[in-house]
Structure formats: structure tokens, C-alpha cells
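Let's take a walk through this one, starting with the aromatic residues and ending at a histidine.

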Amino acid sequence: MPRTLLRAASAVLLTLTVLNIPTAHADEAAPVAATALNVPTGKATALNIPTAHAGEAATVAVTVNARAALASVPETGVGTNHAIWDSRLGTDETADLLKDAGTKVLRYPGGSYSDIYHWADHTAPGGYVAPDTDFDTFMRGVRRTGAQPMVTANYGTGTAAEAAAWVRHANVTKGYGVKYWEIGNENYGNGHYGAVWEADDHPDKSPAEYARHVVAYSDAMKAVDPTIKIGAVLTTPANWPDGIVADGDAGTWNDVVLSTAGSKIDFVILHWYPGAFDKAAHVPDMIHLTRQQIARHVGAGSERIGIAMTEFNTGSNSGGTTTQPGALAAADAYSTLLANGVFTVDWWNVHNGIGNVTQVEGHTDYGDFGLLSSGVCTSDGSVCEPSANTPFAPYYALQMVSRFARPGDRFVRAATGEAKVTAHAVRRPNGDLAVLLINTSSGTSYPVTIGYSGFSPASGAPTVLTHTNGATSITTSTAGSATGQTLPPLSLTTIVLRPASAQTGLPGTPGQPVASAVTDRAATVSWPAAPTGVRPIAKYEVHRQNGAVSEQIGETTGTSLTVGNLKPGTRYTVNVIARDSGGGVSSPSAPLTFTTGTPASSSCSVRLTKQSDWASGYVGAIDITNNGAPVNGWTLNFGWPNTWQSLGSGWGAVWTQNGQDVKVVNEPGNGSLPTGTTATIGFVGNYSGPNTLPAVFTLNGTVCTTR
């Protein structure tokens, strides 16, 4: 059912807000679609007044570490959503604009419409279907764009047989070679957790029923074409209903779906509508927690399962969806998601329709979640969007990302010393380096000085790509230097750098490292040998990423190294570098991330369990067991992993929080812990981002075993 129905009652909206349910995204465009996206544009629009530049601020230090490698840029990285209610879906003009933006994935048939759409007769009972939006027309546009399709099979009102027939039509009859197939869209929104926006005709709306059908769909569809990839819908960490266990379920949506269908799928599907412009910092933990869930339920070989962000939009109806703040947030989020290994990020959507009209940073924001204008007006006709297919600011963000991070590039670490300035960087296969700098300040131009590790830039002015507030294109110039640029307010700036000298004959890149024998203090890192260059390889170095700085934590002449002196309960990301007998250095390996544990035995042990969760907070219970000598008076210490976590309340002891550190002291008269006894305490934990649980606890200064 189209999510626009959620607007029917303010009480429902209030409830959804409290529960942290996205209420303004994927499928809200259906009423606009009924106008065939062809409303005249004769009404006046707001003046295009550029934001004034303030005086220069203090110089910002930017660090780029070419030896701290992250994920490589996939062919499918930059994507967007199409929808069958968009009459411009199949036009050449739309396809050409998407091609110019660097779009490599086009998703179809459109959010929640996927669960009411029947491809064979091109109908969506209860919804609007625009002319010339059938699957074959969509595929013609995909090919003109030079993209890959992402098709969502109908789970809500469809069958496995219907989906298999679609695969047959697409890949056997037509030879389209559609690789990626999702099973349903946001199916947790079927009422099982209270809120309803997704059509679901199954009497049983539980995650267990969805998982059983994913298995059936996968078997039927792969029987037609074994080469396709099947994706299952998951909840996104810290986004409703993530963490919630409904009555009768064996676990959360993700736990149940992955435990049943994990062996039958090739990727998982996340949707993210952060509703604010400063949430990219959530991404590493978001992806880390998703990976943990996959590994826990799928086991060995779970790394084969990819993560796709098939719906994403930065803004909200309060403003910023079509103006520069949304563009800056989009570029930051796309880059961060891809750097953390997401294989596609798909903007919602190509055309959407006018929403809440506001003024943002000197420009009219139309509250439209589309990349391109629909050319429509408000219901009273007082405000109209620009002419149809006019790019909004986020269009240029996707265009900038596609020019900055090209398929085959590899992200490397970059950081800045100013909260208003964000940096990303990629190393190209030919040795070039590209740096994306984002200035989110509305009134300050920031001069930046850029320092490089593992890369020596050529002298002279580099190529600079720039998009500023209100601009209708990305400009290209030769300006500044490799180490110095000035960033206009509200701007995206990419600098492309050549190395100072071409180095040949260097060692090849070491293979993907793996970790084994991970304890609280040590881990063994192993990797496939690097191809030799003109000189033999003398040694391998293992470097830990510490922000945008690398620190060498060991070296060896072999292809395995046991690293010691690690901290318990700590996440480490490392790269391996080969060095030859003449001092020549290879490119860094792909990253390896592992987390140390806690002592196998200790004088104390702690078990943390979640008693309940409501997607923004939870009730936790901590069991403290004394395995050593009797204790009379105890203090338990632990830290929240992230700044968006906090203590709501606690019981069974005296709880205090200072920054991210939590201290728990026994209540008066309740400090005795004889050998072998357990004390149980409880708390309410709040979170507004991915909820990584505390991993390390100390009792009276001793690190406990976490069970």
C-alpha cells in the first residue's frame, strides 16, 4: 500500500515519529504521479540569490593516507530509483541525464509499488501506473543510460512462480541479463510491528513467513537462471523496527530472516532515510553491525553476501531535499557507504513531486525527494517547480561522486581538523589520487592545507572540480596546488592529482588478509603473497589504521604475522604492504577488520543481555560473577562505543555517566560478592545511531571475561 496513506492522521504520524519510523520517503509520490508529471511551470519560483561569502577562516589541515586502504569502488556504486507512476521513466531525456550523472544502477518498479506490481500485465491494483513505464521500456532506458537494473520482485501480492516467470522473460526470452533481484520492499512495514505501509496478502506477516518465501523465491528464480543474485530485505541498524522482537517471533526481523534464508541469498537490502545532514558518521557501525548479523547466522563464507542500500535520501520534508545542504550530505553519505563496502547506493528517486516548500540557504527547496524536477505545482498553484527534468542539487552530488570515485578506484583514509569540512579520497589504478572536500559552512570559505602519506603529488596546479550553492553545473579548472585549496561555502570540491613520478617495477598488492586465533591481546593476520616486481620482496608490513594515520604494528618475511599488545574488545582495521629489496613499496592490501575479545579466564565475568528494544532505546541486564577471592565493595566500569549512546537510568546499584564512560558502584550494604556469586543490575540505554553494545567491563580495575 502506498506510504502516502500514513499521512491520513496526525496521530499516526506522531506515533511513527516517536518510534523513529521514516514517514516521508520512498513511496510518497503516487498522488503527484497521477498528474502524469506534466503540470505547467508558469508560476514564479523563488529568486536564485547566491549565499554571500564571509571572510576566510583559519586554515584547515587535511590528511590523506594512501596506505590506509578501504573498499574498492564497484561498478554498481552510484544508483537511483525509477517508479512506474513516473511518465518520464522511459524518455531519452531522462536516460541521458542519468547517464551524465554517472548512474550505474536503476531500480524498478518503485518502492512500495513493488509489492503491488504485476509485471506481466503491467498493473498495480490500488496504485497509479503511468503510460510507457512497462518493464521492457524500463530496460530500454537502462541500456541507454549504461546502467544495470535492480528489479524488485512482488512479495506482498505476488508469488514465487510470478517472479520466476519474470526472470525467464528478462534473461531467457529477452536476454537482458538482469543480475540483481530483490524479494519485496520494506516488508517489515506490513503491520507486524504495528505500522502499515507495505502491501502483504499473506495471513502470516512474520519475518519467519517472509524468510520461508525468500527461500521459495530464490529456488524458483535460480532454477530459471542460476547466475542471478537474490537479495533479502533487512532492517537498518537503529532504524525502526530494528532491534524489536514482536510477539511470537524467535528474534528480530534480521535474526529470523538471516537464520532461515541466509544460505539462499546473495545480498541483503538496507534502506536509510536519516532525515538530517550530519549522519554519515553512523555508517561504519551500521555496516559493521549488519556484517556481524550476517556472519553470526550464515557462518563460514558469509563474506560472499553483499550489502545494497537500495533506497537512500538525506533530507526530510522540513527542507533540504532539493537544495545544496542535501547535496553535500548526499556526497558525504555516498562516499562513506561505498568506502565501507556497500556495493550500490540508490537515491530515492528520479522524479518524486513537490512537497513542503521552504527557503534553504537562499534558494527554494521544493520538498521533493527526486533528482530531477517533476515540473509540478503545489495544490493551490502558489509555487511551481522548475521545468520538468531540471536537475536539483543532489543530482550534482551524484555526478560529483561518480567523477571523484570511479569503478576500480580504491578508497583510502582522509580526515580534517574542522567539523564543517569533510574529506574523502581514492587511489586510481593508474596511480592518480582524487580528493573530495565538502564544506558545509553556509558563510565561511575555508582554506585547506593537504598533507599526504604514501603519495607524493606532482608539482603544479591540479585539476579541480567544483559545485557551489545554487550552481547548475560542475565547473572544471586548474587551480591552487596539490597541498593548498580554498573551499567556498556550501561546496563540493574534487582535486585530481598525478604522482610526482611514475614508479615502475614495484611489488604487486598483497592479497586479502584474514584473521585467526583472535584473543583479547593478540591476533594472527595472514594473506596471499604479493606478485613480485623487478626486485624480490624483502618483507611485509602490517599497518593499523588509526583515523587517517597508519601505524606499523609488525613486519615479517613470510605471509603470516601474529600481532600482540592489542587492547581487549577493540576493533582493528589493518592493511598489508609489501616492500622490496630496493625499498619499493606496494599498494596496500584490501582492509581487514577484526575485533579482539576479552580474557578467556578472569577473576570476574560479565554477561550483558537486552531484555527489550524499541529501536531508540533498550532495557539491559548485566550479570556480574565473581570468579576470584571474595569481594566486599565493587565498582564496574564500561564505556559506550559511540557518542550517540547514553545512560537513561539504572537500578540495582548507583549509576553515573561522564562523557562516554559509565561507572556503577554497589549500593550501601550490598557490596558483598562472595566467590562464585552473581550480582544482577539493570539499566535503560538510549541510542540515536547504530547500537554497538559495550564489550569491555572492568570490576575493581580488572578486565572481566565478557560472556
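A residue counts as buried here when its relative accessible area is under 20%. By that cut-off, Tyr618 and Phe683 are both buried. Keep in mind that this is a predicted model.

On to the rings: there are 40 aromatic pairs in the structure. In one of them, Tyr108 and Trp166 have ring centres 6.5 Å apart and planes at 75°, so they meet edge-to-face. Tyr108 belongs to strand β3 and Trp166 to helix α5, so this pair ties together parts that are 58 residues apart in sequence. Tyr108 and Trp166 are also buried. Back to our opening two: Tyr618 and Phe683 make an edge-to-face pair as well, at 5.6 Å centre to centre with 80° between the planes. This pair links strand β28 with strand β35, 65 residues apart. Tyr618 has another partner, with the charged end of Lys610 sitting over its ring, 6.0 Å from the centre.

Tyr108 and Trp166 are part of one aromatic cluster, whose members also include Phe135 and Trp181. Those last two turn up again in the largest nonpolar core, which has 140 residues: Phe135 and Trp181 are among the members that touch the most others. Helix α9 gives this core the most, 9 residues. A second, separate core has 22 residues, including Val62 and Tyr452. Beyond its sequence neighbours, Trp181 is in contact with Trp166, Met221 and Phe267, among others.

Finally, the histidine. His351 sits in the loop between β9 and β10, yet its relative accessible area is 0%, so it is buried. Its side chain makes polar contacts with the side chains of Asp86, at 2.5 Å, and Asn389, at 2.6 Å.

Technical notes: Residues numbered from 1 in each chain as written. Predicted model: local features only at pLDDT ≥ 70, side-chain atom pairs only at ≥ 80, totals over all residues. Heavy atoms only, no water. Helix = DSSP H or I, 4+ residues; strand = E, 2+ residues; numbered from the N terminus. Buried < 20%, exposed > 50% of the residue type's maximum accessible area, 1.4 Å probe, protein only. Polar contact = N/O pair within 3.5 Å; in protein donor to acceptor, adjacent residues only side chain to side chain. Core = buried A, V, L, I, M, F, W, Y, C linked by side-chain atoms within 4.5 Å. Contact = heavy atoms within 4.5 Å. Phe/Tyr/Trp six-rings, centres within 6.5 Å; stacked < 30°, edge-to-face > 60°. Lys NZ or Arg CZ within 6 Å of the ring centre and 35° of its normal. Lists of a residue's contacts leave out its neighbours within four places in sequence.
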